[in-house]
Amino acid sequence: MPAPSEVLAVRQENASQNSVTLQWHEPDQPNGVILEYDIKYYEKDNEEHIYSTLKSKNTTARVLGLKPGTKYIFQVRARTSAGCGRFSQNVEIQTGKAAPKRYSTMSIVWICLALLAGLLHLPRHHHLQETARLHFTTLPLAAVLKFIRTAGDCEFGEVCYGRMRLPGKRDIPVALKTLKVGYTEKQKRDFLAEASIMAQFDHPNVIRLEGVVTQSKPVMIITEYMENGSLDSFLRVRNDAHAS
């Protein structure tokens, strides 16, 4: 008795970040009782085409442990007591993209409070996300930033109010947090660690990082300007008001 004919109509029923569910039809010529189906799959862009296999008793199978946002090639064949039939034609399916990491409002509040208390530090070799870097190396600093007044002091230096205007963009108010002269390398790392954390968030309740100046002096962190002042000052005023 010959082996079963080719499996037909392999299709995607569902796909998530890490799994794909397949369905297919029985072969037109099973040539006996189908004992099981073999599912072969591999990453499309993997030049070595190292494949994995999965077995199913039914005309459906869920393939787990896949990479998010990756294209895979799937093939299915039937097996009877006479042997295995030919694999089906290639079916290309892409898994879902990984969802962006989200933070709850309470998590963001705790991170902000930890920063204010000096409890949260990043590893020494943590780098700013490239999308948050602004190195003013092609334009004179004076053409980009305008210092207007000193707004206060911080642990590392002064905080100033100013305006920033990049080519092709509108003029916006910014806070300029400067690193004092004579800083140590550790102070610089700690200073830039704040920018590293801010660069990871895009949330209306978290102050926005506008840029970082590291190629000239003073070293600066540039953020959106908060007209109501810092969070610790705001909370202190609120607490004093409630106490009275």
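Me: With which residues is Thr-21 in contact, leaving aside its neighbours within four places in sequence?
Reply: Contact means heavy atoms within 4.5 Å. Beyond its neighbours within four places in sequence, Thr-21 is in contact with Arg-11, Gln-12, Glu-13, Asn-14, Thr-60, Ala-61 and Arg-62. This is a predicted model, in which local features need pLDDT of at least 70 and side-chain atom pairs count only at pLDDT 80 or more, while totals for chains, interfaces and linings use all residues. Residues are numbered from 1 along each chain as its sequence is written, and side-chain values use heavy atoms, with hydrogens and water left out.

Me: Why is Thr-21 called buried?
Reply: Buried means under 20% relative accessible area, exposed means over 50%, and partly exposed lies in between (1.4 Å probe, protein chains only). The relative accessible area of Thr-21 is 13%, so Thr-21 is buried. Its place is in strand E2; strands (E, at least two residues) and helices (H or I, at least four) are DSSP runs numbered from the N terminus.

Me: What is in contact with Trp-24, leaving aside its neighbours within four places in sequence?
Reply: The contacts of Trp-24 outside that range include Val-7, Leu-8, Ala-9, Val-10, Ile-39 and Val-76. Tyr-37 is in contact with Trp-24 as well, and both of these aromatic residues are buried.

Me: What makes Trp-24 and Tyr-37 an edge-to-face pair?
Reply: Rings of Phe, Tyr and Trp (its six-membered ring) pair if their centres lie within 6.5 Å; planes under 30 degrees apart count as stacked, over 60 as edge-to-face and the rest as tilted. Trp-24 and Tyr-37 are 5.4 Å apart centre to centre, with 65 degrees between the planes, so the definition gives edge-to-face. The pair links distant parts of the chain, Trp-24 being in strand E2 and Tyr-37 in strand E3, 13 residues apart.

Me: Why is the pair of Tyr-72 and Phe-74 called tilted?
Reply: Its centres are 6.3 Å apart and its planes stand at 40 degrees; this is neither under 30 nor over 60 degrees, and therefore the pair is tilted. Tyr-72 counts as buried because its relative accessibility is 5%, and Phe-74 counts as buried because its value is 0%. Ring pairs join Tyr-72 and Phe-74 with Tyr-41 into a cluster.

Me: How do you know that Lys-40 lies over the face of Phe-87?
Reply: A charge sits over a ring if NZ of Lys or CZ of Arg is within 6 Å of the ring centre and within 35 degrees of the ring normal. Lys-40 is 4.6 Å from the ring centre of Phe-87. Lys-40 also lies over the face of Tyr-51, at 5.0 Å from the ring centre.

Me: Which residues have the most contacts inside the largest nonpolar core?
Reply: A nonpolar core is a set of buried Ala, Val, Leu, Ile, Met, Phe, Trp, Tyr and Cys residues joined through side-chain atoms within 4.5 Å. The largest one has 18 residues, and Leu-22, Trp-24, Ile-39 and Phe-74 have the most contacts inside it. Strands E2, E3, E5, E6 and E8 each supply at least two residues, and E6 gives the most, with 4.

Me: Why should residues 103-139 be read with caution?
Reply: The pLDDT, the predictor's confidence in each residue from 0 to 100, is below 50 over residues 103-139. Where pLDDT is low, the predicted coordinates should not be read in detail.
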